Each structure stands twice: as C-alpha cells, then as structure tokens.
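Me: I would like a close look at one helix of this model and at what surrounds it. Please set it against the rest of the chain, and give the cut-offs behind each term as you go.

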Amino acid sequence: MSDSNQRDVIVVGAGVAGLSAAVALADAGADVTLLERRPYIGGRAYSYDHPALEETIDSQHVVVGCCTNILDLCNQAGMADTIRWYEELTFLEPGGRRSLLRPGSLPAPAHQAVSFLRAPMLSLRDKSAIATGLARFFRGYPADDTESFATWLKRTGQTERAIRHFWEPVVVGALNDTFERCSVKYAGKVFHESFLRSAPAGRLGIPAAPLSEFFSPIADLARRKGVAVKLKAGIESIEQVPGNRWQVQAGGETYTASSVVLATSFKQTESLLMSLSASTGTEAVQNVDFSRFTVAPITTVHLWYDRDVTGLDHAVLLDTRIQWVFAKSRIRRWPAERGSYLELVISASWPELDMGREEILSSSIQELEQFFPAIKQATLIKSGVLKEARATFSVTPGLDRFRPKQATQWPGLYLAGDWTATEWPSTMEGAVRSGRLAAGALMGDANRFMAPELPAQGLMRWLNRQ
Ligand SMILES: Cc1cc2nc3c(=O)[nH]c(=O)nc-3n(C[C@H](O)[C@H](O)[C@H](O)COP(=O)(O)OP(=O)(O)OC[C@H]3O[C@@H](n4cnc5c(N)ncnc54)[C@H](O)[C@@H]3O)c2cc1C
C-alpha cells in the first residue's frame, strides 16, 4: 500500500531539522505544512542583511565528508556544488609558523600520518601522546557517554602542548564547549569519523554562499514536493482535538493534522509540551528532563579590509581566543578589487558574552595581527561582531540518556531537532538526522530516510569490524 494521502502532517520549525523532516515526509507522499515563526528558513543556520554594514552576515558553518545526511539533502536539492571542499587543514602559530594536516598515500587510519609527523607545532613527545590517544579511537568511540574529555586527557597522559595545539582546537571547535563539559564519546566520534575512518570522511566542506541563500534550494525543493511553507507562522501551543487529530494556531489561522513534528529547540519544545500538558491535564513532559540540556555561545567577528591579508582560505589559529579564521572573500571567490572579508570564530565564548563590541574587536584584531602581519598595512573598512548566546547544545557527560527519541508516548506527536537522540553532537548533520528519524518513525520505519554512512577505508575496514 502506498503512503500517499495516508497522512497529513504539521512540521513546526523550518530549521535544518524541520526542513529535512518536511522533505522526507513529502517524498513519502504525506501532505505537509511547515510552520516557521521567523520570516526566514534555516533556524540557527541563517544569514541576515545587516542594515548598518550593508552586508549579508552569517556565522560560518562547516561540514565534513562524514556528514552523509546533510550532504545527501544538499544533493537532493541540487546545491552540492555550492560547498567548497578542502582536503587540508592549516594550523597557524603566532608568528605565522604553519603546520599542515593532509592526506597522503598511506592507508587509513594512517592517511594523515606523514603530514602529522612533519607538523612543527608539536614535539615528538606530543606526537607520541596524540598517536597513543588516537589509537584508542581506531575501533570506534565509547558507547557510554559518562566520562568527560578532561578526565580522558589526564588518563591518557596527554602533554600540555598536545592539548593546546591538537585536542583543544579540534574538540572545542567541533563540540563548542570546554573539556569538562564534553563527553569522550562525542570527542572520540569526531576523531574516529573524520580523522581516522578515511580521507573522504575528513574533507572539510564550507558553504560558499550566505547560509539563508545556501539553504533556500532546500525550501524550494520542499515547495516543489508540495510542502506548504508558512513563514511568520509561530505557534504558542498544541492541542489534541477529537478524531485523533492535532491542532495549532499560527498567524491567525488554525491548522489540524493527524501528526505533528516539533522540530524546535529544546527550550521551545519544552514550552509547547507544557501547553499540551495544561490542555490535557496530563504530564506531557514526563519523559524528557529538559533541565539537563544546556547551551554554549559562539561569537564571530567580521572584518572587511581593502586587500587580501591572509593568503589562505581558512586556518586554525593556535594559542589565541580565536579558533578559526575564514577568509570568506576567498572562499566565495571575490575579485581582488573587492577587497577581503574575514570571519573569526570564537567558540565556547562565555567571556565574550560579557564584553563590549569594541573590546572584542580590538583584542581580536590584535591577536590576528600576530598571525597575519599584512593586516598592519591594510585598511579596515568596516567590522561587526555577532554573538550567538544559544549557538549549540552541549554534549555534557551523561546527557545521552536524557535525549529523547523522535517518537513520543503521544500517538501522532514526534520530536526533531539536533538535541534529540541522534548519536551526533549539535550540528547540521545531527539536525538532518533528527528530521529524517522523526519522518521515519512517523512512517513506521525509523531508518527509512537515512543516508548510508561513508565506508571505512584502508586498515579501518578491518579495525572497524573488531
Ligand atoms: C554560530 C553558530 C555556528 C555553528 N557552526 C556549525 C558548524 O560549523 N557546523 C554545523 O554542523 N553546525 C553548526 N552550528 C549548529 C547548527 O546551526 C545547529 O545544530 C542546527 O542548525 C540546528 O538545527 P535545528 O533545526 O535542530 O534547530 P534550529 O536551527 O534551532 O531550528 C528551530 C526552528 O524552529 C523555529 N521555531 C521555534 N519555535 C517555534 C514555534 N513556536 N513556532 C514555529 N517555529 C518555531 C525557529 O525559529 C527555528 O527556525 C552552529 C550554530 C551556530 C549558532
């Protein structure tokens, strides 16, 4: 029997999770309405026109090759070629000394070994500690998420510089929190999936357009598949109505459907479930302890210069507050006469939340000059600071058992969002997986819409089977 017209579904939230759920459900023949409270799609992966700067601003988002579900969705929407791919990571020390990590001819997991052994940012002792640590993730990463990465670093005898020049830039950059607040499970996942499994799994992909523009083909795809996308359509509550149907009000209209997917942040989901509890007099939130979820901030600094000052598309900066610099003008292939546009990313940026714009700007520029002295000769044309206080949820040790599955105890009610149970940290890939898992649960086959994982290569094919 076809799924056609079996279901009508309301998806709440047109972030990456809601968009992926809507596309999957429409693919399966469901009649889908997607309600988004903001005037744009993309959720936290958004860009906006900054009136004073007269520029479109976003916080740079990246993917890696092992993010198979978001890449599959981008392929479906015909936008895969708007991602610029890089095989190589450049680590810069103050003064400008470079270390490169890139795949060579050795089989995985040793594909980056030659460049790693040559990297001047680490001594032999640091490298040996890192190699011993990485070897623990050859076969996978812990299924249990209760140990913190801070404890693991001590337990595995990591040197101070190995931590500063390797573990910290990668883990804080990927998980956006301090070692105490990251579980080894998810740190190990980053290394296993993207550093060790294969060279293609570790490729870095950077959207070459502002995020709302980048994601708009997915909304277009949803519309082509018949999804009714309603913007400025926030809901305040959900309720059950007779006939096993769900009802919501948005933008002055009432919508009913046999199923609802709440693809909202954990805070919004909690408040919507509370509204359900209030309307039914039951304990709708009983299975989710929302108090366990916490968020971490990201601050980005945007600088426009009259010329190219980096000579690089992107780099990891060591021994500073800035984790990463993206030369967006180079990534977007601006002509030289247009000058350059840099974005500096400060992960886990709690101190910056309390700092003023000018203080963040001047300290960032001072730090940047240590890596790119050409900045001193260049003219800064304009600048901006963007603070995202609730950028990501933190994969704190022990959180897994509180991340809810997409199917709830309420028939017809499903949850999506990067924070639900996906086995991924707070990422666009986690969000797409959550949306596809919710759509699968609704259609009676949880994994129906999931893209296959990238195959392990080299020795990892054998190690992964152990
Ligand atoms: C600064 C920053 C940098 C990041 N960097 C990366 C990166 O490099 N790589 C990466 O993979 N991830 C990155 N992330 C994380 C990534 O953006 C998120 O994991 C992902 O976008 C979450 O998607 P989501 O759909 O689960 O949630 P959200 O994006 O939060 O979407 C929820 C949507 O629901 C809507 N909504 C909420 N309540 C209602 C309501 N009542 N009615 C209707 N609509 C509602 C919201 O407006 C929103 O559009 C970054 C995030 C930030 C902020």
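Reply: What follows starts with the model as a whole, turns to one helix and its surroundings, and ends with some loops.

This is a predicted model, in which local features need pLDDT of at least 70 and side-chain atom pairs count only at pLDDT 80 or more, while totals for chains, interfaces and linings use all residues. Residues are numbered from 1 along each chain as its sequence is written, and side-chain values use heavy atoms, with hydrogens and water left out.

The protein chain holds 15 helices and 20 strands, where helices (H or I, at least four residues) and strands (E, at least two) are DSSP runs numbered from the N terminus. Its radius of gyration is 23 Å, close to the 23 Å that the globule rule gives for 466 residues, so the chain is as compact as a globular protein of that length; the radius is taken over C-alpha atoms, and the rule is 2.2 Å times the number of residues to the power 0.38. Of the 466 residues, 57% are buried, a term for under 20% relative accessible area, with exposed meaning over 50% and partly exposed lying in between (1.4 Å probe, protein chains only). Among contacts (heavy atoms within 4.5 Å) between residues at least 6 apart in sequence, 70% join residues at least 24 apart.

The part chosen for the close look is helix H2, residues 68–76. Its buried residues are Thr68, Asn69, Ile70, Leu71, Leu73 and Cys74, and they pack against helix H1 (16–27), strand S5 (63–64), strand S6 (83–86), helix H9 (211–224) and helix H14. Just after H2, Gly78 takes a positive phi of about 70 degrees.

The packing partner H14 spans residues 428–442 and includes Arg436, which counts as buried because its relative accessibility is 4%. With neighbours within four places in sequence left aside, the contacts of Arg436 include Asn69, Asp72, Leu73 and Gln76, and Asn69 and Leu73 are also listed among the buried residues of H2. Arg436 further touches Ser20, Ala446, Phe449, Met450 and Ala451.

Helix H10 (residues 266–280) offers a second case: its 15 residues reach 21 Å from the first C-alpha to the last, close to the 21 Å expected at 1.5 Å a residue, where the expected span is 1.5 Å times one less than the number of residues. Its buried residues include Phe266, Leu272, Leu273 and Leu276, and what covers the buried residues of H10 includes strand S12 (245–250), strand S15 (295–305) and strand S19 (380–393). H10 is followed by Gly281, whose phi is positive, near 70 degrees.

Positive phi also occurs in residues other than glycine. Glu54, in the loop between strand S3 and strand S4 (55–58), has a phi near 55 degrees and counts as exposed because its relative accessibility is 68%. Asp319, in the loop between strand S16 (314–317) and strand S17 (324–327), has a phi of about 60 degrees and is partly exposed, with a relative accessible area of 40%. In another loop, between strand S8 (98–101) and helix H3 (113–118), lies Pro109, which a cis peptide bond with omega of about 10 degrees joins to Ala108.
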